[in-house]
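Here are my comments on the model, set out as numbered points to be read beside the coordinates.

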Amino acid sequence: MIREKRWFGVFYMFVVTAFFSTIVIGFSRFTRTRVEANKAMAFEHAVLAVLPSLFDAGADSIELHRRFAEQVGAPDASSAGAYTFEENGRVAAYALPISGQGFWAPIKSVIGIDADRKTITAIVFYEQNETPGLGAQITTTEFRKQFEGKLVSSGAMPLNFKRAGEPLGESDVHAVTGATQTSIRLEKLINAALVKWRTELGERAGEK
Amino acid sequence: MTKQSQAKTIAVEGLWRNNPIFRQVLGICSTLAVTNLVLNTVVMSVALVFTLSLSAATVSVLRKFTPRNIRMMVETLVIAFYVIIVDVVLKAYWPQMSGNLGPYVGLIITNCIVMGRCEAYGNANPVGRAFLDGFFNAIGYSFVLLIIAIVRELMGMGTLLGFAVPFFSGPNWDKWIIMVMPPGAFFMLGIVTWVFRAVQIAREEKT
């Protein structure tokens with residue numbers, strides 16, 4: 001029987017693989033623009049959400065995309081990698097994208113910073129895969145609200161995560177209870193990004 | 001055996017007598033991983049029903065041509081094909097859920113239930129029956145997962161499908177954080193397996 005021939009196995013596997021891969025490749029090409037648009041949209045929404053008065057939940061994606069395109073300034077050397085929002089020709093707020101490894105998967109986030117380059121106005125997480133119910137609580141309003149009005153201090157740790165219940169200073173927020181790993185990693189990556197941003201801004205100011 | 005009684009036997013086997021979770025204890029990694037929220041579990045179950053029934057049917061279609069020595073490779077390929085389709089659809093049309101389920105959709109490829117049904121049944125039976133067998137095994141998987149997920153979400157977070165449940169979300173209920181953590185899944189799986197098996201044994205003794 002042909003099925004028992006040695007070459008038939010190789011040939012058969014080749015044909016079957018070619019057949020199924022063709023469909024999969026075709027299918028993912030078909031949806032690729034959509035997948036990429038979803039990713040870009042999640043990021044744009046996050047940037048808008050941390051800047052003042054740009055995001056509203058009622059607006060549809062097209063409207064939000066238009067706002068992003070028209071009103072948000074792309075990052076350049078003078079903003080040290082942050083997106084900017086200008087009012088009357090002056091920078092009114094910064095949106096600094098940050099990302100790094102969380103406990104399970106990368107955490108991607110955008111931090112909103114006031115024109116004074118010190119006061120945090122908001123933080124949004126647009127990609128994370130922390131433990132649902134625990135680490136994933138970083139995306140809840142309760143956790144994110146804590147950052148509002150906190151000051152980026154000038155030390156090596158611009159922001160500090162404290163245990164729940166401990167008193168908070170002007171640059172401290174409470175970590176997520178039961179999600180030590182997520183909290184430690186998040187604290188590290190936020191601080192690394194803030195220190196880098198501060199240094200680059202400082203260098204720019206020094207050059208002037 | 002008539003067609004109908006055959007279908008019924010397949011259903012009883014998949015849902016109850018040979019249930020993949022509490023009888024065969026297969027596919028446990030996804031059981032443990034996605035059951036902390038009911039919505040995630042529902043989506044995962046739909047994905048598994050789709051993958052398992054179609055891949056069992058496809059393996060069955062190919063069974064007359066597939067050389068025996070490479071059948072596992074072919075099965076894996078077929079399963080991977082359907083899983084990637086599910087993964088791409090989620091990424092394109094429900095990015096948030098795709099994010100929630102993370103790597104677990106992709107891991108259906110290595111889910112022992114899917115492989116097991118393709119190998120044990122799809123490989124040796126006609127298309128219709130293979131499809132039914134895959135379908136009912138996936139449903140058998142899904143309903144056990146749902147039970148686990150409902151208990152875990154309710155006790156651990158006080159919600160169901162994200163909606164607050166009276167009492168459980170109130171101040172009188174101290175949320176059992178451990179239920180939404182991985183150990184909670186082990187406890188629940190153990191309890192569910194115990195209860196269902198006890199019922200099975202009791203019924204067998206009666207007859």
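1. In chain A, Val72(A) stands opposite Phe85(A) in strand E2(A), and this is a fair place to enter what is a predicted model. Strands E1(A) and E2(A) run antiparallel and are joined by two bridges.

2. The pairing then continues from E2 to E3 of chain A, where residues 83-87 and residues 90-101 are matched in the antiparallel sense over five bridges. Within this pairing, Tyr83(A) stands opposite Ala95(A) in E3(A), while Thr84(A) has Tyr94(A) of E3(A) as its bridge partner. The two strands form a hairpin with two residues between them, and in that turn Asn88(A) has a positive phi of about 50°.

3. Taken as a whole, the sheet of chain A is open and has five strands in the order E1-E2-E3-E4-E5, with antiparallel pairing. Strand E1 (72-73) and strand E5 (120-127) of chain A stand at the edges and each has a single partner strand, so one side of each is left without a neighbour in the sheet. Helix H1 of chain A, residues 6-50, packs on this sheet and touches E1, E2, E3, E4 (106-114) and E5 of chain A; the direction of the helix makes about 165° with that of E5(A). When inspecting side chains here, a general point may help: in a regular strand they alternate between the two faces of the sheet.

4. Which residues does Gly112(A) touch, once those up to four places away in sequence are left out? This glycine is found in strand E4 of chain A, and its contacts are Val50(A), Tyr94(A), Ala95(A), Thr119(A), Ile120(A), Thr121(A) and Ala122(A). Two of the names in that list, Tyr94(A) and Ala95(A), have already appeared above, as the bridge partner of Thr84(A) and as the residue that Tyr83(A) stands opposite. Gly112(A) has a relative accessible area of 0% and is therefore buried, the cut-off being under 20%. Gly112(A) and Leu96(A) are 16 residues apart in sequence, and their C-alpha atoms are 6.3 Å apart in space.

5. Turning to chain B, I would look at the packing of helix H1 (residues 3-17) on helix H7 (residues 127-157), which meet at an angle of about 30° with their axes 7 Å apart. The crossing of H1(B) and H7(B) is right-handed. On the side of H1(B), the contact is made by Gln6(B), Ala7(B), Ile10(B), Ala11(B), Gly14(B) and Leu15(B); on the side of H7(B), the residues include Leu132(B), Phe136(B), Ile139(B) and Phe143(B), with Arg129(B) and Asp133(B) also among them. The residues of this contact divide into eight nonpolar, four polar and two charged.

6. Helix H7 of chain B also holds Ser142(B), for which the relative accessible area is 8%, so that this serine counts as buried, the limit being under 20%. Leaving aside residues up to four places away in sequence, Ser142(B) touches Ser45(B) and Val49(B).

7. How many disulfides does the structure hold over all chains? The number is zero. Cys112(B) is in no disulfide, and the nearest cysteine sulfur, that of Cys29(B), is 5.8 Å away; Cys112(B) is partly exposed, with a relative accessible area of 34%. Cys118(B) is likewise in no disulfide, the nearest cysteine sulfur being that of Cys112(B) at 12 Å, and Cys118(B) is buried, with a relative accessible area of 0%.

8. Two backbone details in the loops of chain B deserve a look. Val25(B), although not a glycine, has a positive phi of about 50°; the residue sits in the loop between H1 and helix H2 (28-34) of chain B, and at 40% relative accessibility Val25(B) counts as partly exposed. Phe167(B), also a residue other than glycine, has a positive phi near 60°. Phe167(B) lies in the loop between strand E2 (163-164) and helix H8 (177-180) of chain B, and with a relative accessibility of 49% Phe167(B) is counted as partly exposed.

Methods
Residues numbered from 1 in each chain as written. Chains lettered and ligands numbered in written order. Predicted model: local features only at pLDDT ≥ 70, side-chain atom pairs only at ≥ 80, totals over all residues. Heavy atoms only, no water. Pairing = 2+ DSSP bridges. Helix = DSSP H or I, 4+ residues; strand = E, 2+ residues; numbered from the N terminus. Contact = heavy atoms within 4.5 Å. Axes fitted to C-alpha atoms, helices over the stretch in contact; angles between N-to-C directions. Buried < 20%, exposed > 50% of the residue type's maximum accessible area, 1.4 Å probe, protein only. Left-handed = near helix turned anticlockwise from the far one by under 90°. Nonpolar A, V, L, I, M, F, W, Y, C, P; charged D, E, K, R; others polar. Disulfide = S-S within 2.5 Å.
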